Amino acid sequence: MKIKLRCPECDCEIELEDVLEGEIISCEDCGVDLEVKKKADGTYELVVAESEGEDWGE
Amino acid sequence: MPILSLLYDRIRVEEKLIINAAEKKGVELKPIDVKDLHLVITDPSKDREIFGDVAIERCISYFRGLHLAAILEGKNIKVINPYSILSICGNKMLTSIILAKHGIPTPKTIIAFTKEEALKAIEEIGFPAVIKPIFGSWGRLVAQVKDKDVAQVILEHREEINNPLYQIYYIQEMIERPPRDIRCIVIDNEIIASIYRYSSPDDWRTNIARGGRAEPCNLTEDMKEIILKTAEVIGGGVLGIDAMESKNGIVVHEVNPTVEFKGAMSATGIDIAGKIIDYAVKIAKK
């Protein structure tokens, strides 16, 4: 299913297909990393993703 | 059939593979973004229904995952991996202590708490030496120390970092090895897959996150014995055990408790994600 969302950083329109909650995508316009979040009403939104922490890894 | 949860703070390829594997096996797995949680620790019975019978902890942030595991175990929820494994493997010094105590071959390691003593330790090890933070992953800030000048600069930089963990200096001998290391995925004390990780032409580190390349690896019986003994002393669970080929056989240098396995899965074709689900189901039934 295709959905249209807006980049919270640059407000450009982003079209997504078969998204998974928690997935990270990059905004093609401004380059910021965005996380796909599911709202309480079941719709999706994009939030700016956390940046790499010193304790990130495996 | 038991209910599982997948605790994440970022969906990597591995988390997608785990979600898909559960779906294929008809196992109920609830993905939970831990960034959306707050947990009551003074009432251990609260929140239990959220996490199912077993929680597969896959946080990209080590400290977040470590603390989360402790909270859930306080609520009598089984966690893969448990806090005991996470606390050892997330700290390279604690891992080295366990390996050395059980006679598992590992590079010579010295710890120092000041820049001055760290320099002495590097000279005692001999050049080139390797200096690593005791925490962190993906080869972050792991440096090859080729001479005394480089040592001084690295130590000065470390001293400037405003995090006391960076001032616990972990210094290791540089193992003379081929331009690769060995990554073994061990689940429930069984070797599931083994790969060579070749370093990229631009980096001496073999981490896949640094551009390393994976190829299947056939372990010898001697190697298998060392890897399995490592898993045993760490406490089982789901582990990524890293070893290097020295002139005198393999030496284990790291154990990863939230192992990234996309390289191993594509190089070997082994369904590692499926094995993790099988293991979680087995633990739930215990």
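1. Let me start with helix α8(B), which has 14 residues and runs 20 Å from its first C-alpha to its last, close to the 20 Å expected at 1.5 Å a residue. The residues buried in α8(B) are I226(B), I227(B), T230(B), A231(B) and I234(B). Down the helix axis these buried residues fall within an arc of 135 degrees, so they line one face of α8(B). The face turned away from that buried side carries the exposed residues E221(B), D222(B) and E225(B). Please keep in mind throughout that this is a predicted model.

2. What covers the buried residues of α8(B)? The cover includes the helices α4 and α5 of chain B, together with β9 (180-187), β10 (190-198), β12 (238-246) and β13 of chain B. After the helix comes G235(B), with a positive phi near 120 degrees.

3. One residue of α8(B) that you may like to click on is K224(B). Is K224(B) buried, partly exposed or exposed? K224(B) has 13 C-beta neighbours inside 10 Å, and a residue counts as exposed at 12 or fewer and as buried at 20 or more, so K224(B) is partly exposed. Its contacts, leaving aside neighbours within four places in sequence, are with I191(B) and L219(B). R180(B) lies 44 residues from K224(B) along the chain, and 18 Å separate their C-alpha atoms.

4. Helix α5 of chain B (residues 92-101) makes a nice companion to look at. Its buried residues are K92(B), T95(B), S96(B) and L99(B). Why do they sit on the same side of α5(B)? They cover an arc of only 100 degrees around the axis, which puts them on that one side. Among the elements covering them are α4 (83-89), β5 (109-112), β6 (129-132), β8 (169-173), α8 (221-234) and β13 (249-256) of chain B. So α8(B) belongs to the cover of the buried residues of α5(B), and α5(B) to the cover of those of α8(B). Just after α5(B), G103(B) has a positive phi of about 70 degrees.

5. On a wider scale, chain B is divided into domain 1 (3-88 + 279-285), domain 2 (108-173) and domain 3 (176-270). The centres of domain 1 and domain 3 of chain B, taken over C-alpha atoms, are 24 Å apart. Their contact takes 15 residues from domain 1 of chain B and twelve residues from domain 3 of chain B. On the domain 1 side, the elements giving two or more residues are α1 (13-25) and α4 of chain B. Of these, α4(B) brings the largest share, four residues. By class, that side of domain 1 of chain B has nine nonpolar, three polar and three charged residues.

6. Now to the partner chain. Chain A has zero helices and five strands, and its pattern along the sequence reads β-β-β-β-β. Its C-alpha atoms fill a box of roughly 35 × 25 × 20 Å along the principal axes. Of the 58 residues in chain A, 17% are buried. For the contacts in chain A with a separation of 6 or more, 20% come from residues 24 or more positions apart.

7. How many residues of chain B are in contact with chain A? There are 20 of them, and they meet ten residues of chain A. Both β2 (28-33) and α3 (62-74) of chain B supply at least two residues of the side that touches chain A. That side of chain B is made up of nine nonpolar, seven polar and four charged residues.

8. A last word on confidence. The mean pLDDT of chain A is 92, with 100% of its residues reaching 70 or more. Which elements of chain A have the lowest and the highest mean pLDDT? Strand β3 of chain A (residues 24-26) has the lowest, at 92, and strand β5 of chain A (residues 44-48) the highest, at 95. Chain B averages a pLDDT of 96, and 100% of its residues score at least 70. For the complex, the predictor gives an ipTM of 0.91 and a pTM of 0.94.

Technical notes
Residues numbered from 1 in each chain as written. Chains lettered and ligands numbered in written order. Predicted model: local features only at pLDDT ≥ 70, side-chain atom pairs only at ≥ 80, totals over all residues. Arc of directions from axis to C-beta. Contact = placed C-beta atoms within 7 Å. Domains from an automatic or database assignment. Nonpolar A, V, L, I, M, F, W, Y, C, P; charged D, E, K, R; others polar. Expected span 1.5 Å × (residues − 1). pLDDT = per-residue confidence, 0-100.
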